[in-house]
Amino acid sequence: MSPTMGLGLKAKSTKTDADPLENQYQKGVIHLCDSGIKKVPNKYILPVIERPNRNGEEKKVENVNIKLPIIDFAALQGPNRSQVIKALGTACEEYGFFQVINHDIPHDMLHDLVDVVQRFFELPFEERAKYMLPDLRAPVRYGTSFNQNKDGVFCWRDFLKLMCHPLSDVLPSWPSSPVDLRETMVLYSKQTKIMFEILMDAVLESLGLASATVSDDEVDILKQCEEGSQLMVANCYPSCPEPDLTLGMPPHSDYGFLTLLLQGEAEGLQIQHKGKWLTVKPLQNSFVVNIGDHLEIFSNGRYKSVLHRVLVNSSKTRISVASLHSLSYNTTVRPCSKLINEANPRLYKDTDFASFIEYITTCEPKKKNFLESRKLN
Ligand SMILES: O=C(O)CCC(=O)C(=O)O
Ligand SMILES: [Fe+2]
């Protein structure tokens, strides 16, 4: 007899009650949809409390659509910069999200990117499966759900993650099919990196850190961003027969400093604002930018990473491409010393990208639980 049984504790069942289709789900939702399913399998059905559109009132479109604060990228670099910086600071404090227009990334390039990503997701499963690697640090990773090794309920999403730094090291691992994928994604990653650096500079200015030599040891944070990490995540959310039962992505915050998101015409992204889920209205050729956990830490809580999630729909596949930027793998992220004083004591411990990866290897990512684990007291 096991030593715990006599104490009335339940012995762990040796019976395997694994779903026989578990293996199938690991292959992703595109694969699942290709098999012609008409209903959402239990594996994807959320508990009622976590489902979208729980009450009819949330369906009244006029109540839920939101136009995010707009940041004019061209104006940011012109004579009205100080006004734009002010608007940026307000957007960061009130929403944690903003929409960037008038940027200088050619629209053709955005179109080509979405097109090549779509063609990647349309490749035969065996071709995509070459990149299904369990190691979260792999420079290229194809997968499904949010964290398929940990998620109890699966999300209605497949993804391709590409690390972008250092490019010459990672590029040979990127998918070789479609043939134009590497070239298109390299061009795009370089453009988004430049845009990130310009936006970070503006964010620092909005925090009153114009000099940019701001970290404890007087290391230039912008320089660290320039040498930092970039992860591109292409998301595919196939149309779903019962979209009210599941989510494309669960509520989460992004780990880095800023995320630059390109979404197509299909709605789906929702952000949490004042306790409500609001749908971000897509604006053609613009970027949705949001604050990640590392910027929340760096700003010592002045700018907060905001929970967001993705709804799926029954009529069309949705594609999005997120570019996540932070410092390099082992560089410490800590609250900026100039933002700490008696009235604003230090709120967070030191962290880095490596600790985040370690955390999600061992815990189910839920909402902002990584950031919570970095809070002092
Ligand atoms: O697809 C979207 O709209 C959002 C994607 C997202 O939140 C992410 O990749 O972290
Ligand atoms: Fe996200």
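## Ligand 1 and its surroundings

The largest pocket in this predicted model is the space taken by ligand 1. Here a pocket is an open set of points on a 1 Å grid over the protein atoms alone, with protein on both sides within 12 Å along at least five of seven lines; a molecule sits in one if more than half of its atoms lie within 2 Å of its grid points. Residues are numbered from 1 along each chain as its sequence is written, and chains are lettered from A and ligands numbered from 1 in the order in which they are written. Local features need pLDDT of at least 70, side-chain atom pairs count only at pLDDT 80 or more, and totals for chains, interfaces and linings use all residues, while side-chain values use heavy atoms, with hydrogens and water left out.

Let's look at the shell. Among the residues surrounding ligand 1 (a heavy atom within 4 Å) are Asn-235, Tyr-237, Met-249, His-252, Leu-261 and Ser-320. By type, the shell divides into 6 nonpolar, 4 polar and 2 charged residues, where Asp, Glu, Lys and Arg count as charged and Gly as polar.

Three side chains make polar contacts (pairs of N or O atoms within 3.5 Å) with oxygen atoms of ligand 1:

| Side chain | Distance to a ligand 1 oxygen |
|---|---|
| Asp-254 | 3.2 Å |
| His-308 | 3.1 Å |
| Arg-318 | 2.8 Å |

Taken alone, ligand 1 exposes 300 Å², and the protein buries 95% of that (Shrake-Rupley method, 1.4 Å probe).

Strand 6 (229-237), strand 7 (249-252), strand 12 (308-310) and strand 13 (318-326) each give two or more residues to the shell. Strand 13 gives the most, with 3 residues. Strands are DSSP runs of E with at least two residues, and helices are runs of H or I with at least four, numbered from the N terminus.

UniProt, in an unreviewed entry, places the feature "domain: Fe2OG dioxygenase" at residues 228-327; such annotations may be inferred rather than shown by experiment. The end C-alpha atoms of this span lie 4 Å apart, and the span is 6% helix and 46% strand.

A few backbone details are also worth a look. The peptide bond from His-165 to Pro-166 is cis, with omega near -15 degrees, and Pro-166 is in the loop between strand 5 (158-163) and helix 8 (167-170). The bond from Ser-177 to Pro-178 is also cis, with omega near -10 degrees.

Technical notes
Polar contact = N/O pair within 3.5 Å; in protein donor to acceptor, adjacent residues only side chain to side chain. 1 Å grid on protein atoms, 1.4 Å probe; cavity = no way out; pocket = protein on both sides within 12 Å on 5 of 7 lines; lining within 4 Å.
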